[in-house]
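This report covers one chain, taken in parts. It goes from the sheet to the core and then to individual residues.

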Amino acid sequence: METLPKNFLWGGAIAANQVEGSYNEDGRGLANMDVVPSGKNRFQYMFGNVKDLSFKEKEKYPVLKGIDFYHRYKEDIALFAEMGFKVLRLSISWSRIFPRGDEEHPNEKGLQFYDDIFKELKKYHIEPLVTLSHYDFPLYLVKEYGGFKNRNMIDFYKKYVTVLFKRYKGVVHYWLTFNEINCTLVLPYLSAGVIIDQNESREQQLYNATHHLLVASAWAVKIGHEIDPTNKIGNMFAGGTWYPYTCHPQDIFAAITKNRDAFFFCDVQARGYPSYKLRELERKGITIPFEDDDKEILKNNTVDFLSFSYYATHVVSGDERINEEIKNNPLATLKNPYLGEILYKRQDDPIGLRNTLNMYYDRYQKPLMVVENGLGAQDEVDENNKIHDTYRIDYLRNHILAMEEAVRIDGVELWGYTSWGCIDLVSASTGEMHKRYGFVYVNYQDDCSGNGERIRKDSFYWYKKVISSQGRDLK
């Protein structure tokens, strides 16, 4: 029996703000993540707690250099083609197209860069899967308008996506509106360009931004379908099931509540505002800033498919005494005694990917794509200039097996799989290079030193074999 359909989209994923570099070339404006340094203070920026968005002399900003994909994209795409990629998930830098974000006309040099990328992908018969905004907003819109707290952002986004949908009609067929949109409630600066005003309700500000993002996403679906009815436009959220700490009913409901944090964003994008969230916000005294035709736009412009990132699962208890250790850290989870060691604050759970695929397919009955999945590790180059990353191969093998079981046994409709990131890039979480995900090693270090040499890892040859065998050869 064939495990996956013959047209299954095998590939990898990158993001403009983590690979391109060249932050000040060809008219590009500064973006929100350009001014977020690596190191210990990074998450305070992403939590929306830092107001000063100027560059600091003693800080490091590896994202400004990235991996120089801006100049080396032909070399990198050739490597992806050598692995046999059918699809490359990439994003467009909003501030390359509209440097401030509120201009009347786009930056032609920025558009030309992506023209060239898509031509290069077409040469190798690689389908682009384009994220319209991957943690990437013009810094000017953050400073002058407050990011997506401000409703004007919807119109700026509409103009931006209209330019892209028109320019790449017939060139790009698969689109994602926002990356990991559900992270807005935890990392508002990263996900929505929001800095929290300490004199106002934090939650109200977060839900203002969330609503504006959701409405903007629906507009993108509407605009994209009107320009080209063949476009397939999806959402993208941070996936990974929450497990109950025990089978105590209290723990079960705690897990249900946590899972709803992701369901909420998908619910709105796939079928409308859910009753459980409306009741919750009503109890908290939080108002959703509905205006004009928001409800109609959301109702009539649902996504064609759902996509998500998957790295690990999480555990929560209904007993606040047990949750005490994670209460003040929105990114934390209780330890799962049935899984292995904790690495980078997570425990690997391949079966959890099958669980997650089933959960979302059962709930929405829409096609799915796994658009991020991978292992971050500190790879070592040996004396022969080789990288033996068997740990990455083991991780990916187990997750691909679980994914295939969801399709073959459970009947989940899955369109594609794009491993994160298929080439080493600047980590979104640490802002550094040492947490490497790629099949290709890039010789840049945390201090921005290095010559940028590309080296194929053992996993490069393994993934090439996986793709050529349509996932049947995972040895």
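Strand 1 (residues 9–13) and strand 10 (residues 414–420) run parallel and are joined by 5 bridges. Strands (E, at least two residues) and helices (H or I, at least four) are DSSP runs numbered from the N terminus, and two strands pair if DSSP finds at least two bridges between them. The model is predicted: local features need pLDDT of at least 70 and side-chain atom pairs count only at pLDDT 80 or more, while totals for chains, interfaces and linings use all residues. Residues are numbered from 1 along each chain as its sequence is written, and side-chain values use heavy atoms, with hydrogens and water left out.

Strand 1 also pairs with strand 2 (residues 87–91), in the parallel sense, over 3 bridges. Three residues of strand 1 and their partners are listed here.

| Residue in strand 1 | Partner | Partner strand |
|---|---|---|
| W10 | Y417 | strand 10 |
| G11 | V87 | strand 2 |
| A13 | W420 | strand 10 |

Of the 5 residues of strand 1, 5 are buried, where buried means under 20% relative accessible area, exposed over 50% and partly exposed in between, with a 1.4 Å probe and protein chains only.

These pairings belong to a barrel that 8 strands close in the order 1-2-3-4-5-7-9-10, with parallel pairing. From one strand to the next the twist averages 25 degrees. Helix 14 (residues 350–364) packs on the sheet and touches strand 5 (232–238), strand 7 (305–309), strand 9 (368–372) and strand 10; the direction of helix 14 makes about 140 degrees with that of strand 9. Axes are lines fitted to C-alpha atoms, for helices over the stretch in contact, and angles run from 0 to 180 degrees between N-to-C directions.

The largest nonpolar core has 121 residues, of which F148 and Y463 touch the most other members. Such a core is a set of buried Ala, Val, Leu, Ile, Met, Phe, Trp, Tyr and Cys residues joined through side-chain atoms within 4.5 Å. Helix 9 (residues 202–227) gives the largest share of this core, 13 residues. Apart from this core lies another, of 16 residues, including V36, M46, L53 and V142. Beyond four places in sequence, Y463 touches W10, G11, M83, F85, I400, Y417, S419 and F439, contact meaning heavy atoms within 4.5 Å.

Helix 9 is largely enclosed by the rest of the structure, because 21 of its 26 residues are buried. At 1.5 Å a residue, helix 9 should span 38 Å, and its end C-alpha atoms are 37 Å apart, which agrees; the expected span is 1.5 Å times one less than the number of residues. S201 caps the N-terminal end of helix 9, with a side-chain oxygen 3.5 Å from the backbone nitrogen of E203.

Two loop residues remain. Is K457, in the loop between strand 12 (454–456) and helix 16 (458–468), buried or exposed? K457 is buried, since its relative accessible area is 0%. Leaving aside neighbours within four places in sequence, K457 contacts residues among them D379, D389, D424 and R436.

N49 is found in the loop between helix 2 (42–46) and helix 3 (69–83), and counts as partly exposed because its relative accessibility is 32%. Not counting residues up to four places away in sequence, N49 touches Q44, Q198 and R202. The side chains of N49 and Q44 are joined by a polar contact of 3.0 Å, and those of N49 and R202 by one of 3.4 Å. A polar contact is a pair of N or O atoms within 3.5 Å; within protein, one must be able to donate a hydrogen and the other to accept it, and residues adjacent in sequence count only if both atoms are side-chain atoms.
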